Amino acid sequence: MFRRFDLILAVTPYEAEIYRKYRIPMEKIRHIPLEIDYKFYSKKVPATDVMEKFRIKEKDKLIVGVANFRRLKRFDVLLNALPLVKKSAPDAKVVLVGLDMLHLQGLPSLKETASKLGISDSVILTGWQPPE
């Protein structure tokens, strides 16, 4: 079906890769990144509600990832590295905001990986969150 189009727009490199796997010629694929509203996302807002909701302490050192979590994004590498990070920063925590889609790819979820590594107490999985 896609071969009959003159041009296919992909909003992520991942999407472009999927088209390439279906043998769509590269010259027919254009990656056009999604726009980010920097003005909206640069607003400083009080974090107390979020910190309370997810039990984040003022002293915690946060590593934050926002994504739809898939194998391609390799957040498993981050979780595997956390025990090493905690040796020099004991208050380090990973906060992952977004949908965990790894189980749809037949892989362990982020929650399962954190549990297996014994770092569940240092990993906060928020699920999808509205932008405000």
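Two strands pair if DSSP finds at least two bridges between them, and strand 3 (residues 61–66) and strand 4 meet that rule with six bridges in the parallel sense. Helices (H or I, at least four residues) and strands (E, at least two) are DSSP runs, numbered from the N terminus. Welcome to this predicted model, in which local features need pLDDT of at least 70, side-chain atom pairs count only at pLDDT 80 or more, and totals for chains, interfaces and linings use all residues. Residues are numbered from 1 along each chain as its sequence is written, and side-chain values use heavy atoms, with hydrogens and water left out.

**Strand 4 and its partner**

- Six of the six residues of strand 4 are buried, so this strand is largely enclosed by the rest of the structure; buried means under 20% relative accessible area, exposed over 50% and partly exposed in between, with a 1.4 Å probe and protein chains only.
- In a regular strand the side chains alternate between the two faces of the sheet.
- In strand 4, Ala92, Val94 and Leu96 point one way, while Lys93, Val95 and Val97 point the other way, and all are buried.
- Across the pairing with strand 3, leucine 62 stands opposite lysine 93 of strand 4.

**Helix 5 and what covers it**

- Helix 5 spans residues 110–117, and its buried residues are Leu110, Thr113 and Ala114.
- Those buried residues fall within an arc of 100 degrees when you look down the axis of helix 5, so they line one face of the helix; the arc is that of the directions from the helix axis to the C-beta atoms.
- Lys111 and Lys116 are exposed on the other side of helix 5.
- The cover over the buried residues of helix 5 includes helix 4 (75–88), strand 4 (92–97) and strand 5 (123–127).
- Threonine 113 belongs to helix 5 and is buried, with a relative accessible area of 15%.
- Leaving aside neighbours within four places in sequence, threonine 113 is in contact with Leu79 and Pro108, where contact means heavy atoms within 4.5 Å.
- Glycine 118, just after helix 5, takes a positive phi of about 75 degrees.

**The largest nonpolar core**

- A nonpolar core is a set of buried Ala, Val, Leu, Ile, Met, Phe, Trp, Tyr and Cys residues joined through side-chain atoms within 4.5 Å.
- The largest one has 13 residues, and Leu79, Leu96 and Leu110 touch the most other members.
- Helix 4, strand 4 and helix 5 are the elements that give two or more residues to this core.
- Leucine 110 is in contact with Phe69, Phe75, Leu79, Leu96, Asp100, Leu102 and Leu125, leaving aside its neighbours within four places in sequence.

**Rings and a charge**

- Rings of Phe, Tyr and Trp (its six-membered ring) pair if their centres lie within 6.5 Å; planes under 30 degrees apart count as stacked, over 60 as edge-to-face and the rest as tilted.
- A search of the whole structure finds one aromatic pair.
- That pair is phenylalanine 69 with phenylalanine 75, set edge-to-face at 4.8 Å centre to centre with 90 degrees between the planes.
- Both phenylalanine 69 and phenylalanine 75 are buried.
- Arginine 70 lies over the face of tyrosine 14, at 4.0 Å from the ring centre; a charge sits over a ring if NZ of Lys or CZ of Arg is within 6 Å of the ring centre and within 35 degrees of the ring normal.

**Strand 5 and the loop before it**

- Threonine 126 has its place in strand 5 and counts as buried at 13% relative accessibility.
- Not counting residues up to four places away in sequence, threonine 126 touches Phe54, Val95, Leu96, Val97 and Gly98.
- Isoleucine 119 lies in the loop between helix 5 and strand 5, and at 5% relative accessibility this residue counts as buried.
- Leaving aside neighbours within four places in sequence, isoleucine 119 is in contact with Leu79, Leu82, Pro83 and Ala114.
- Isoleucine 119 and lysine 93 are 26 residues apart along the chain, and their C-alpha atoms are separated by 9.2 Å.

**Exposed spots to look for**

- Arginine 23 is found in the loop between helix 1 (13–21) and strand 2 (29–31), and counts as exposed at 69% relative accessibility.
- Although arginine 23 is not a glycine, it has a positive phi of about 60 degrees.
- Arginine 55, in the loop between helix 3 (48–53) and strand 3, counts as exposed at 69% relative accessibility.
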